[in-house]
Amino acid sequence: MAESPLVDRSIRILAIESDPVILSGLVTCLNRFPDLQVSAEAETLSSAWQILTAPVAKKIEVDLILLGLPLNDRHEDGSNLEFCQQVKAEYPHLPILLLAVPQNRDLTTAFQLGIEGCCVRGNSILDLVTGIKQVAAGQTSWALAILQQVTIDAKTRSSSSWQDRWRFASLQQIESTLTQLNTNLDRDRLSKLDRLILTGRKRELNTARWLVDRLFSPTIPVVSTDRVADRSISSTLPATSSALTESSSFNSLTDMLFERIASKLQSRLENLTTTTLEIDILRQEKKRELFYLILQQFEGLVDELRFSQVTIGQLSAKQATILPDLWRSVTIDFFGRYQTLSIEHDQIEIVPTLLQDAAIVRIEILAKIPQPIELLSYLLFKAPITIDNMLCAFDSNAAEERACTLLENLTIQMANAVMQPLLNNFGNMESIKAGFYDRRLLSSREIERFRNNLSWRYRIDRYISEPQAIFESQYHLFIFASYGIDRMTIYAHRPLELAQLNGIPLIVTLALETRDALSPRLKSATTFLGSSLVYLLTEIIGRGIGLIGRGIIKGVGNIWQENNRIRKE
């Protein structure tokens, strides 16, 4: 069993949870982290105790116990706490981390027993992982909401204010709903769309919980050390409160941006621009499903980066892998890891074939997505965003708008990147047409026309549009408008990209510069020549013609008068 904090190896966890579905999801999520390992799992306290007390030959090494409350075991009431007491008696150096809702009545006693930590059931998996690492390192990790509830339970409910009672009832209802949502999300036979809807509702409830917790947060008094010895709330709360407050602030910002974009996905998602996009071939529901999946995966990416504790300086070094990793995970989830196609009696897996185009996708699309590091810095470190050569503070409306715009463009371009390998490799397969394509683009002729348009678009972008945008210090972004996908332009100084241009793109910029240099002079010369020509035609030639005409008319008149005079004589 654990004798000292862990540093250089994985944390071995004994997970105890009565619900097999939740236990399976918990094990899967925790094993995703390289420094965590669920070495044993149990659905009852008795089986967990057998694991701990197994003979030496069969003993499983455990560094931490993760106990989900309440646990419906075949023991008398209070068996959860008795189990914790037994563990503390037999293995005093083995830490215990509880997973419970704040309203659990056993938590006050558990805190007094010396249990090292407790996380809120239904919170982000990253909150749980942070708690596991803190407890395994010899620290305490009690969630702020649970500490507040423990303090409230320590006092009589009659002394609680109406705000405390309202907050308690609201949080209780939210936690109950979140528990049910997590149970539904852990189901294996859940469609991607249903999972995205449930995930969005979970984010809404987490945001509501954060608002209730902040708007009606009770004052947490310092509790004397009468029964908790050296583990007073006053010594545990400040660091935990600060960390959770910062985490909640980040999560609320991320949730707000994602919910704002998700609400725009209810439009028809038609391409309102003149630019052909890969996603134009998708049916509307498939297009929406892909966008939701990208937002979900990007949210997980932000959480992983935050959990990995990367610095703002390390983000630039990781830029070459962040977006390709996101593209790879979205591609696998959207098409299915083991999806196959029958081609001439051969079974070909779709995803491995699509992932072979990673280099092309990175060069043609991912590397050209504007300012991904600025967006991540804003979300992770509250870094200001530069807009029109001016730094805009993290909490300003301009910074929020720009972050939302960058995220919308990233989502649309990532969707194009997911679809490009499919069009290159399986664009004309009937099973792909039936599963993904819009009914207006089912014929082979329409598909080939669509692919040719895309090909010409990339040529024009590569040789003309992109060099012109670089030379004009601009980015062209795709955004979600009220009626579909639109395009906008933002200013951004791009000197490094301008210095790296060569070949035809460089010639295009030189041609633009030459045009800018000669155009005013040519316009002035043309204006001068035009004015001179007008003067020549009107003042000189016109007057000359006028004089000649008058002379002719005068001569004709004289002859006519002379003829009349002769007739009279």
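This is a guided tour of one protein chain, with a suggestion at each stop of what to select and what is there.

**The whole chain**

Begin with everything shown as a cartoon, and keep in mind throughout that this is a predicted model. The secondary structure of the protein chain comes to 20 helices and 13 strands, and of its 569 residues 45% are buried. If you display contacts between residues with a separation of 6 or more, 73% of them join residues that are 24 or more positions apart.

**The six-stranded sheet**

Select β1 to β6, which form an open sheet of six strands with parallel pairing, in the order β2-β1-β3-β4-β5-β6. The edge strands are β2, residues 36-42, and β6, residues 141-142, and each of them pairs on one side only. Inside this sheet, pick out β4 (residues 96-100) and β5 (residues 117-120), which pair in the parallel sense over four bridges. Which residue of β5 is the bridge partner of Ala-100? Label Val-120, for that is the partner in question. While you have strands on the screen, one general point is useful: in a regular strand the side chains alternate between the two faces of the sheet.

**The three-stranded sheet and a hairpin**

Now select β7, β12 and β13, an open sheet of three strands with the order β7-β13-β12 and with mixed pairing. Here the edge strands, each pairing on one side only, are β7 (270-271) and β12 (474-480). Between β12 and β13, the latter spanning residues 484-491, the pairing is antiparallel and runs over seven bridges; label Phe-478 together with Arg-487 in β13, since these two are bridge partners.

Move next to β8 (residues 340-343) and β9 (residues 346-349), which pair in the antiparallel sense over four bridges. These two strands form a hairpin with two residues between them, and Glu-344, in the turn, has a positive phi of about 55°. Across the hairpin, Ser-342 stands opposite Gln-347 in β9.

**The nonpolar cores**

Hide the cartoon for a moment and show side chains in the largest nonpolar core, which has 79 residues; those touching the most other members are Ile-279, Leu-290, Phe-291, Phe-298, Phe-335 and Met-419. Colour helix α16, residues 397-426, as the largest share of this core, 15 residues, comes from there. What does Met-419 touch, once residues up to four places away in sequence are not counted? Selecting its surroundings shows Glu-278, Ile-279, Ile-281, Leu-282, Leu-290, Phe-334 and Phe-335. A second core, separate from this one, has 32 residues, and you can find it by selecting Leu-14, Leu-67, Cys-84 and Ala-110, which are among them.

**The cavities**

Two cavities of 30 Å³ or more are counted in the model. The largest cavity holds about 330 Å³ of space, and among the 18 residues that line it, Lys-368, Gln-413, Asp-461, Glu-466 and Arg-487 are the closest to its centre. Arg-487 was labelled earlier as the bridge partner of Phe-478. Both α18 and β12 give two or more residues to this lining, with α18 giving the most, six residues. By class, the lining of the largest cavity has six nonpolar, five polar and seven charged residues.

For the second largest cavity, with a volume of about 50 Å³, select Leu-196, Thr-199, Arg-203, Phe-258, Tyr-292, Leu-295, Gln-296 and Glu-299, which line it. The elements giving two or more residues to that lining are α8 (192-215) and α10 (284-307), and it is α10 that gives the most, with four residues. This lining divides into four nonpolar, two polar and two charged residues.

**The second largest pocket**

End the tour at the second largest pocket, which has a volume of about 1,100 Å³. Of the 33 residues that line this pocket, Ala-367, Ile-470, Tyr-475, Arg-494 and Glu-497 lie nearest its centre. Colour α14 (358-364), α15 (372-381), β10 (385-387), α18 (444-471) and α19 (495-499), each of which supplies at least two residues of the lining. Which of these elements supplies the largest share of the pocket lining? It is α18, with four residues, and α18 is also the element that gives the most to the lining of the largest cavity. The pocket lining as a whole has 16 nonpolar, eight polar and nine charged residues.

Key
Residues numbered from 1 in each chain as written. Predicted model: local features only at pLDDT ≥ 70, side-chain atom pairs only at ≥ 80, totals over all residues. Heavy atoms only, no water. 1 Å grid on protein atoms, 1.4 Å probe; cavity = no way out; pocket = protein on both sides within 12 Å on 5 of 7 lines; lining within 4 Å. Points joined across faces, edges and corners; volume = space filled by probe spheres on them. Nonpolar A, V, L, I, M, F, W, Y, C, P; charged D, E, K, R; others polar. Core = buried A, V, L, I, M, F, W, Y, C linked by side-chain atoms within 4.5 Å. Buried < 20%, exposed > 50% of the residue type's maximum accessible area, 1.4 Å probe, protein only. Contact = heavy atoms within 4.5 Å. Pairing = 2+ DSSP bridges.
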